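Reader: Before we look at anything in detail, I would like to know how to read the features of a model like this one. Where should we begin?

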Amino acid sequence: TSSGTCFINNSSNVILDCQGFEINYSTSGELGFGINNSGFENVTIKNCIIKEGSGNTTASKQAILFQNDAQNGTIYNNTITIIGNNSAAIYLQLSNRTNISENTILVRANAEGINLDTAGQSSIYYNIIHVTNGGSGTTQAITVTNGPNTANFFLANNITVAGYGTGIELGNDAYGNVLFNNTIRTLVDAVINVNTDNGNNS
């Protein structure tokens, strides 16, 4: 438990296996991360229960952050709960070839489940994402943004947006992404929203 960030990874070839134990970050509402991996390769995060401790802030917080060439990572079988606006459960920035699979993500705010920000060649499959918010369409269960974001594969994810928000959003410069056999339910906004400034997605 931490008022800010719980774990900062400082090495490649690391496996963090929580074995079902809980990570409770940003309990004071300040900027913080559950797990921050900046620039290290072959990092695996698995079997963790990760909870955002407080939603009383507008700071952008992430339960799991891979950024700055954190390549070839694995995020597997975690349960993540997000309660703060502008937050994200899993955020990839400038990091490619990440395997995100069999996670359960609960979003309880105007926030995001999985955000691929200038990230490509990743596999996102068999995740369960449930979004409940009181906002006005600012939520995406999965968003691909600030490209180029190329050749990501989305398979058999189960997504429910029980309020405002989009199931999967393909933003600017999203090319060659494949969406196959995903189950998406939304109440108000689009199941899948594709920006006009991209192409070759299927």
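Author: With charge. Lys and Arg count as positive and Asp and Glu as negative, while His and the chain ends are not counted. Keep in mind that this is a predicted model.

Reader: How many positive and negative side chains does the chain have, and how far apart do the centres of the two sets lie?

Author: The chain carries 13 negative and 6 positive side chains. The centres of the two sets are 10 Å apart.

Reader: What does the secondary structure of the chain come to?

Author: There are 24 strands and zero helices.

Reader: What radius of gyration does the chain have, and what would a compact globule have?

Author: The chain has 15 Å, and a compact globule with 202 residues would have a value near 17 Å, so the two agree. The C-alpha trace spans about 40 × 35 × 25 Å along its principal axes.

Reader: What share of the residues count as buried?

Author: Buried means under 20% relative accessible area. By that cut-off, 50% of the 202 residues are buried. The chain exposes about 8300 Å², with 46% of that area supplied by carbon and sulfur atoms.

Reader: What share of the contacts comes from residues 24 or more positions apart?

Author: Among contacts with a separation of 6 or more, such residues account for 79%.

Reader: Which cysteines form a disulfide?

Author: A disulfide is a pair of cysteine sulfur atoms within 2.5 Å. The count by this rule is one. Cys-18 and Cys-48 form the link, with their sulfur atoms 2.1 Å apart. The link is right-handed, with 75 degrees about the S-S bond.

Reader: Where in the chain do the two partners sit?

Author: Cys-18 is in the loop between strand S2 (14-17) and strand S3 (22-25), and Cys-48 is in the loop between strand S5 (43-46) and strand S6 (49-52). The pair, 30 residues apart, links distant parts of the chain. Both Cys-18 and Cys-48 are buried.

Reader: Why is the sulfur of Cys-6 too far for a bond?

Author: Because the closest cysteine sulfur, in Cys-18, is 9.8 Å away from that of Cys-6. Cys-6 counts as partly exposed because its relative accessibility is 25%.

Reader: Where is Ser-11 found, and which residues does it touch?

Author: Ser-11 is in the loop between strand S1 (7-9) and S2. Leaving aside residues up to four places away in sequence, Ser-11 touches Phe-40 and Val-43. The C-alpha atoms of Ser-11 and Gly-39 are separated by 8.7 Å, with their positions 28 residues apart along the chain counted as the separation. Ser-11 has a relative accessible area of 34%, so it is partly exposed.

Methods. Residues are numbered from 1 along each chain as its sequence is written. This is a predicted model: local features need pLDDT of at least 70, side-chain atom pairs count only at pLDDT 80 or more; totals for chains, interfaces and linings use all residues. Side-chain values use heavy atoms; hydrogens and water are left out. Helices (H or I, at least four residues) and strands (E, at least two) are DSSP runs, numbered from the N terminus. The radius of gyration is taken over C-alpha atoms; the globule rule is 2.2 Å times the number of residues to the power 0.38. Buried means under 20% relative accessible area, exposed over 50%, partly exposed in between (1.4 Å probe, protein chains only). Contact means heavy atoms within 4.5 Å. Accessible areas come from the Shrake-Rupley method with a 1.4 Å probe; for residues, only the protein chains shown count as cover. The place of a charge is taken as NZ of Lys, CZ of Arg, CG of Asp or CD of Glu.
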